[in-house]
Amino acid sequence: MPRHSVWRLAVVLCFSGCSLYGPPYCPDGRPQAPPPAGAGSGPLHAKALDYDRWYQGKLRPEPYGGVANVIFADASYQNVIGYDDLQDSAIWTGTYLAAEAFRYATVSDPEEKRQALGNARAAARTLDFFLHVTQTPGLIARFAAPLSQESVFLHGSPCCPPGTATDPANLCCSTNNGCTTGTAPDGTPVFWLGGTSRDQYSGWFYGMGIAERLIDDPELRQRIRDDMTEIVTALHDSFWIIRGPDGKPSGGTAAFVEPYEKLSWLLSASAAGREPACGWYEKEVRDVVAVQLTITPLGTEWLNQYMQYYGFNLNFINYYNLVRLEPNGHRRRAYLDSLNKNSYRWVRGSDNVFFDYTAMALRGRANTRTLASDRQALSDFPGPPNYLHPVVPPPAKSLNPFSLDLYHFNEKVDPSRILFAPRAESAYPLNQRCPQDFLWQQSPFMICCQPLTESSWIPADLQGYCNGLSPLPSGPQVLVYPGADYLLAYWMGRYYGFLRPVD
């Protein structure tokens, strides 16, 4: 038998359960000794505090919370008239929770530590509420709010039951995001957005898993452990298909949990509560197919550069807990190698601070040049209120030929559904990119993000794409972003020592 065949057979047998890839399966979820704490005083720290004041003071939906874009009547930022991107509130609330957990584990000032703990508790309560408001075991709502405030939260749209036609504003009943009325645990009439996809679960587990490890609050930890156990139990019993109240798959094809997501969520639950998730994880990692599907390149991740760039973000938030918690060194290195080969290789060098920090944290070493570039990117990151405003297209750049081929093919096959956008050959620096709600999941190669209002360098055959993008809010209305992107990158950088307090 050829040597490479023997080696491959040995690897397969090891993944099936030999000593190299054997126990322990149940990780110790407690973090290693935290980095030396230091009082923050630099401009990046001041910007983080400003973002948090804006979120807690003006942008956090009451009474249940949840991260979303907020629409104000005008630039006085006094009168909230609606919300946007509620269908992604679960993933961004989990992201905000992770940021506050990193903050809590990093700061030394008692008052700031108290604020971080209070913010984290509130975010975890929101994610717990999203889980139980559906009254369906293991099903997370994308968002939920009092039915009495339906008009404000849905920006004038009605709460459309699942299966009804999309409303004209496309805010409530967009594809797979039906609105359901129900009752909160305290008896309050509520509505909640369903059609929940695995994306929302990824953010939920990312934030809850980090908070359970970094925040030494018994009540918070117990709530997270109970919630994680409920979710993985329900998913395990449904063969890892997210199901709605009617028992049917929720969110279309995005209801089917990917192998790497399954392992990440089980490992997070194992670290928090051990059983039964620990036994299920042990069974999964002894399944050759399950592990190979997680660590073997599928040959499609590179396409995220041209479509669904947010797929990279989903990979990073799932692999963070998967690599961080895996107790076996061989599997841990295999998972990390998979993240680097399938995702990080395509985003490295594009000033994506969150991806860089995650990769360096899991690798256990930092790159000096990357640290300097990321520090500059955070300096260039706009401060609050970070809002959607008129912008001219980014400066002229060479266009990526393959992206143009994909775009024109897409345009011919189905011009009503553009999946492949034309993109620049190289990434734009952060201060030249389009305003976005969660910057790290948005492509840094975008050549336009709004309809064109003046002549530009963009070729005529691509201007139709730009003009088909969503327009700005009408009149004096202002759409403000919550800032979870900046907060996560900054506090993760502080926790791992990639940023100094004085930066």
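In what order do the 3 strands of the open sheet that includes β1 come, and is their pairing parallel or antiparallel? Keep that in mind while reading; point 4 has the reply.

1. **What you are looking at.** This is a predicted model, in which local features need pLDDT of at least 70 and side-chain atom pairs count only at pLDDT 80 or more, while totals for chains, interfaces and linings use all residues. Residues are numbered from 1 along each chain as its sequence is written, and side-chain values use heavy atoms, leaving out hydrogens and water.

2. **The overall picture.** You will find 17 helices and 6 strands in the chain. Both are DSSP runs numbered from the N terminus: helices are H or I with at least four residues, and strands are E with at least two. Of the 503 residues, 54% are buried. Here buried means under 20% relative accessible area, exposed means over 50%, and partly exposed is in between (1.4 Å probe, protein chains only). The accessible surface adds up to about 20,900 Å², with 54% of it belonging to carbon and sulfur atoms; such areas come from the Shrake-Rupley method with a 1.4 Å probe, and for residues only the protein chains shown count as cover. A contact means heavy atoms within 4.5 Å. Among contacts between residues at least 6 apart in sequence, 71% join residues at least 24 apart.

3. **The nonpolar cores.** A nonpolar core is a set of buried Ala, Val, Leu, Ile, Met, Phe, Trp, Tyr and Cys residues joined through side-chain atoms within 4.5 Å. The largest one holds 131 residues, and Phe 102, Tyr 206 and Trp 440 touch the most other members. Helix α3 (residues 89-106) gives the most to this core, namely 11 residues. Try selecting Phe 102 in the viewer: leaving aside residues up to four places away in sequence, its contacts include Tyr 206, Ile 210, Leu 214, Tyr 320 and Trp 491. Apart from this core lies another, of 12 residues, including Leu 399, Ile 447, Tyr 465 and Cys 466.

4. **The sheet with β1.** Back to the opening question: the order is β2-β1-β6, and the pairing is antiparallel. Two strands pair if DSSP finds at least two bridges between them. At the edges are β2 (80-84) and β6 (478-480), each pairing on one side only. From one strand to the next, the twist averages 25°. Strand β1 (residues 69-72) is joined to β2 by 4 bridges, and Ile 71 stands opposite Gly 82 in β2. Helix α2 (residues 43-59) lies across β1, β2 and β6, running at about 60° to β1. For such angles, axes are lines fitted to C-alpha atoms (for helices over the stretch in contact), and angles run from 0 to 180 degrees between N-to-C directions.

5. **The sheet with β5.** Another open sheet of 3 strands has the order β3-β5-β4, again with antiparallel pairing. Its edge strands are β3 (143-146) and β4 (179-183). Between β4 and strand β5 (residues 189-193) there are 5 bridges, and Thr 181 stands opposite Phe 191 in β5.

6. **A helix with a buried face.** Which residues of helix α10 (residues 288-295) are buried? They are Ala 290, Val 291, Thr 294 and Ile 295. Seen down the axis of α10, these fall within an arc of 115°, so they line one face of the helix; the arc is that of the directions from the helix axis to the C-beta atoms. An α-helix has 3.6 residues a turn, so residues three or four places apart point the same way.

7. **Backbone details worth checking.** Most peptide bonds are trans, and most residues other than glycine have a negative phi. The bond from Glu 62 to Pro 63 is cis, with omega near 5°, and Pro 63 sits in the loop between α2 and β1. Pro 384 and Pro 385 are also joined by a cis peptide bond, with omega about -5°. Pro 385 belongs to the loop between α14 (368-380) and α15 (401-413), and touches Trp 54, Tyr 77 and Val 480, not counting residues up to four places away in sequence. As for phi, Phe 239 has a positive value near 60°; Phe 239 is exposed, with a relative accessible area of 69%. Gln 308 has a positive phi near 55°, and is partly exposed at 42%.
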